[in-house]
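Me: I should like to go through this structure by question and answer. Please reason briefly each time and end on the value or name requested.

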Amino acid sequence: MRASFVIVNYNRKAELLITISKTKALIKNSPDFELVIVDNASTDGSAEAVKVHYPDVVLIENPVNTGAPAWNLGFKQAKGDYFIILDDDSHIDFGLEAALEHLDRHPNIGILALNVVSGPYTSEGWKWKDGQEIVGFIGCGAIFRKAAYDKVGGYADWMFLYVNEWDLGLRVVDAGYQVQYFAGCEVTHRVSALHRSSKRLRVFVTRHELSIVYKYLAKDRSKYLWRVALNNLKGIRQLHFKDTWYNIIGMKEFYKHRKTLRYTPVSPYTQQLFLELFEATRPVFAFLKRDLSNLTRLFKKPAQSSRTNLNKPKPVVKNENLVCDPEL
């Protein structure tokens, strides 16, 4: 079989049915594809609705909500040469065949990150270029080569949600494959508001970013752990006290469970690529130099003007860098 759509759902029945409908319209009931739905112990009747409306879909009913690792149940049962990873509230608009043909031509690509055009995380927001080699990908739209899955496994079972894609991408790259961005296949993330929590996001992101550095980095590990911790506290610059508190909880969670992580350092090449792309490991106080430079320019005494320039209007200087970057 050419490819299997693998979709995990948790209590988003209406969104899941939309995703299945749009996916079926995309593939037009081709026998080259299958849909594998993993229902993560939903209580809203999601599994029953799939059975009634789409009895031909492969449905796996997970008795416990295991978060992102539930995709592994779908990978294990999927028959396709490629696993098309979608959220219960995302769907491919166009370009699927072009993406699969690209994978056929490039067997060194283990994961192909698709062009996510909407939602909280987009390909444009990450500033990816077509064909760029990356590490982390956006989990609501990607294609995972089965051969790469057979070699490295699926999502880490110790990461319930968030940053899972960076962990998987690191292992795929370290196994000799590429994670590459493909702009020609667009994905819409409809972003259901159900079951999304700022506290859970911040706690898990901080815990898992620290865990990835602790588990995989071979060189200067302590330095990058400090960078991740301090970068996750930068929200206090915008007076985001609640989110900063959630980040601190995430650090405490990491400290408690760090000894359960088996240390498996990646190759120097994989580590370097990761550090080039991973925001949280970048220098912490670079913004101070930038802000001081901007302030110096702003208040610097202007040079003596010549008579010919006295009547010229003064240019308006817009110093946007003085506004705190919300990502810092």
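Me: At what angle do helix α1 and helix α2 pack?

Reply: This is a predicted model. Helix α1 covers residues 13-27 and helix α2 covers residues 46-53. Their axes lie 9 Å apart, and the angle of packing is about 35°.

Me: In which hand does α1 pass α2, left-handed or right-handed?

Reply: The question concerns the crossing of α1 with α2. That crossing is right-handed.

Me: Which residues of α1 and α2 make the contact, and how do they divide by character?

Reply: From α1 come Lys13, Leu16, Leu17 and Ile20. From α2 come Ser46, Ala49, Val50 and His53. The residues of this contact divide into 5 nonpolar, 2 polar and 1 charged.

Me: Which elements are included in what covers the buried residues of α8?

Reply: Helix α8 spans residues 221-231, and its buried residues are Tyr224, Leu225, Arg227, Val228, Ala229 and Asn231. The cover over these buried residues includes α7 (198-216), α9 (241-257) and α10 (268-277).

Me: Is aspartate 93 buried, partly exposed or exposed?

Reply: Aspartate 93 belongs to strand β5, residues 90-94. Its relative accessibility is 32%. Buried requires under 20% and exposed requires over 50%. Because its value is 32%, aspartate 93 counts as partly exposed.

Me: With which residues is aspartate 93 in contact, leaving aside neighbours within four places in sequence?

Reply: One partner is threonine 188, which is 95 residues from aspartate 93 in sequence and 6.7 Å from it in space, C-alpha to C-alpha. With neighbours within four places left aside, the residues in contact with aspartate 93 are Leu26, Glu186, Val187 and Thr188.

Me: What is the distance of the polar contact between the side chains of aspartate 93 and histidine 91?

Reply: A polar contact joins the side chain of aspartate 93 to the side chain of histidine 91. The distance in this contact is 3.1 Å.

Me: What share of the contacts in the protein chain with a separation of 6 or more is between residues 24 or more positions apart?

Reply: The protein chain has 12 helices and 9 strands. Of its 328 residues, 50% are buried. Among contacts with a separation of 6 or more, the share between residues 24 or more positions apart is 79%.

Me: Over which residues is the pLDDT below 50?

Reply: The mean pLDDT of the protein chain is 88, and 84% of the residues reach 70 or more. One stretch is below 50, and beyond near neighbours in sequence it has 18 contacts in the model. That stretch is residues 303-328.

Conventions:
Residues numbered from 1 in each chain as written. Predicted model: local features only at pLDDT ≥ 70, side-chain atom pairs only at ≥ 80, totals over all residues. Heavy atoms only, no water. Axes fitted to C-alpha atoms, helices over the stretch in contact; angles between N-to-C directions. Helix = DSSP H or I, 4+ residues; strand = E, 2+ residues; numbered from the N terminus. Left-handed = near helix turned anticlockwise from the far one by under 90°. Contact = heavy atoms within 4.5 Å. Nonpolar A, V, L, I, M, F, W, Y, C, P; charged D, E, K, R; others polar. Buried < 20%, exposed > 50% of the residue type's maximum accessible area, 1.4 Å probe, protein only. Polar contact = N/O pair within 3.5 Å; in protein donor to acceptor, adjacent residues only side chain to side chain. pLDDT = per-residue confidence, 0-100.
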